[in-house]
Amino acid sequence: MKVLFYSAKVYDKKSFEPVAEEYSDVEIDYIDHELEPRTATLAKGYDAVCAFVNADVGAETLEIFAQIGVKIVLMRCAGFNNVDTDKAKELGIIVKRVPSYSPESVAELAMALALAVNRRTYKAYNKVRENDYTLTGLRGMLLHGKTAGIVGTGKIGAAMCRICRGFGMNIIAYDKYENPDLKDYVKYVSLDELLSQSDLISLHCPLMDSTYHMINIESIKKMKDGVILINTSRGALIDTDELIEGIRMNKFFGVGLDVYEEEAGNLYVDHSDDIMAHSVTARLLSFPNVMITSHQGFYTVEALKAIADTTLQNLIDAKEGKTTPNDVA
Ligand code: NAI
């Protein structure tokens, strides 16, 4: 089985190569190019392709795959909003994904961001390196005994609830469905109640039409003054311009973002020597209480290994014609 692996990063090769060695009949070629209609023809002669979150697996790409005989698309991620599943089904192309891989990896980053913006560790690190041992700008607040509001209590949100419990926080949550595993220590409330009662708000619901810009100036106004807001889910859950307005209103003690609306052009590129024509990211970073990471919630040894294991198992299942819960088409 020959697989063309699009937008391959060094870390992809490091995590996939040892797993691929366990499959004697699997051969993977790694290329830098992103998957899109322009690059789809590169997969001629391959049985399958492997793609990531920003690939364009729309109708045009899938039509090209059908013409050149590519029968399997392996998404090495959970999301598949970039896949035209109806078209794939129509063309008989199998698409599989990795629905879950180490939810604790993302939840731990959410708490890491909360702690960093609370205790300003990013600032402390630089100050001490500069021989500045003053405490100016570093005062934090206690999380113990405060209220954590978790929006979305699926796999990652539930892991975040467990972490907040370990910190001695009271936990309230908002979700359309209550997670029975959390019933002993999480109280479900309406979104408005969550916004008005929480000292720490962490977003863990998916991006859908109904959740697009769920954090906007109206919802920000409902929050407590001095709240910490964390987003490790999807950038467009938050209206960035209105978030900036909220930051300017001094609403937030801190804001930690692993995802943000403008990230697509940044992931995973070194722009350090570029003059950016327009950058909301730069505007956000100008605030002392904001910390941004580059969509790295999934980036742990364990999560990468789980992604590689499941992706290659998906390939074998697809080859053997097995339908599994990982199928999206
Ligand atoms: P999940 O499917 O296990 O849980 C999502 C939860 O959100 C479900 O309980 C669902 O009922 C709830 N939900 C749906 N609509 C809602 C609404 N309108 N309001 C409140 N809750 C709602 O998903 P999982 O695995 O916990 O992932 C959550 C999100 O984390 C993903 O959608 C993805 O966007 C993000 N993610 C981020 C990563 C990163 O590297 N930063 C890596 C992996 C996922």
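**View 1. Lys2 of strand 1 and its partner in strand 2.** In this predicted model, Lys2 has Glu27 in strand 2 as its bridge partner. The pair belongs to a wider match: strand 1, residues 2–5, runs parallel to strand 2, and 4 bridges join them. Helix 1, residues 10–20, packs on this sheet and touches both strand 1 and strand 2. The direction of helix 1 makes about 170° with that of strand 2.

**View 2. The five-stranded sheet.** Strands pair through backbone hydrogen bonds, in either a parallel or an antiparallel sense. Here 5 strands form an open sheet with parallel pairing, and their order is 2-1-3-4-5. Strand 2 (27–30) and strand 5 (94–96) are the edges; each has a single partner strand, so one side of each is left without a neighbour in the sheet. Neighbouring strands are turned against each other by 20° on average, with direction ignored.

**View 3. The two domains.** The chain divides into domain 1, made of residues 2–101 + 300–319, and domain 2, made of residues 103–292. Domain 1 is thus given as two stretches of the chain. Between the C-alpha centres of the two domains the distance is 31 Å. Contact between them involves 10 residues of domain 1 and 6 residues of domain 2.

**View 4. Two loop residues with positive phi.** Most residues other than glycine have a negative phi. Ser102 has a positive value, near 55°. Ser102 sits in the loop between strand 5 and helix 5 (103–119). Asn131 is not a glycine either, and its phi is positive at about 65°. The loop that holds Asn131 runs between helix 6 (121–129) and strand 6.

**View 5. The seven-stranded sheet.** This open sheet is formed by 7 strands in the order 8-7-6-9-10-11-12, and the pairing is parallel. Its edge strands are strand 8 (186–188) and strand 12 (290–292), each of which pairs on one side only. On average, neighbouring strands of the sheet are turned by 15° against each other, direction ignored.

**View 6. Strands 9 and 10, with the helices packed on their sheet.** Strand 9 (residues 200–203) pairs with strand 10 (residues 227–231) in the parallel sense over 4 bridges. Within this pairing, Ser202 has Ile230 of strand 10 as its bridge partner. Helix 7 (residues 155–166) packs on the sheet and touches strand 6 (147–151), strand 7 (170–174), strand 8 and strand 9. The directions of helix 7 and strand 6 make an angle of about 175°. Helix 10 (residues 240–248) also packs on the sheet, touching strand 10, strand 11 (252–257) and strand 12. For helix 10 and strand 11, the angle between directions is about 150°.

**View 7. The second largest pocket.** The space in the second largest pocket comes to about 270 Å³. Its lining has 15 residues, and the closest to the pocket centre are Tyr260, Asn266, Met276, Thr281 and Leu285. Helix 11 (residues 280–285) gives the most to this lining, contributing 3 residues. By residue class, the lining of the pocket consists of 7 nonpolar, 7 polar and 1 charged.

How values were computed:
Residues are numbered from 1 along each chain as its sequence is written. This is a predicted model: local features need pLDDT of at least 70, side-chain atom pairs count only at pLDDT 80 or more; totals for chains, interfaces and linings use all residues. Side-chain values use heavy atoms; hydrogens and water are left out. On a 1 Å grid over the protein atoms alone, a cavity is a set of points where a 1.4 Å probe fits but cannot get out, and a pocket is an open set with protein on both sides within 12 Å along at least five of seven lines; lining residues have an atom within 4 Å of a point. Grid points are joined across faces, edges and corners, and a volume is the space filled by probe spheres set on the points. Ala, Val, Leu, Ile, Met, Phe, Trp, Tyr, Cys and Pro count as nonpolar, Asp, Glu, Lys and Arg as charged, and the others, Gly among them, as polar. Two strands pair if DSSP finds at least two bridges between them. Axes are lines fitted to C-alpha atoms, for helices over the stretch in contact, and angles run from 0 to 180 degrees between N-to-C directions. Contact means heavy atoms within 4.5 Å. Domain bounds come from an automatic or database domain assignment.
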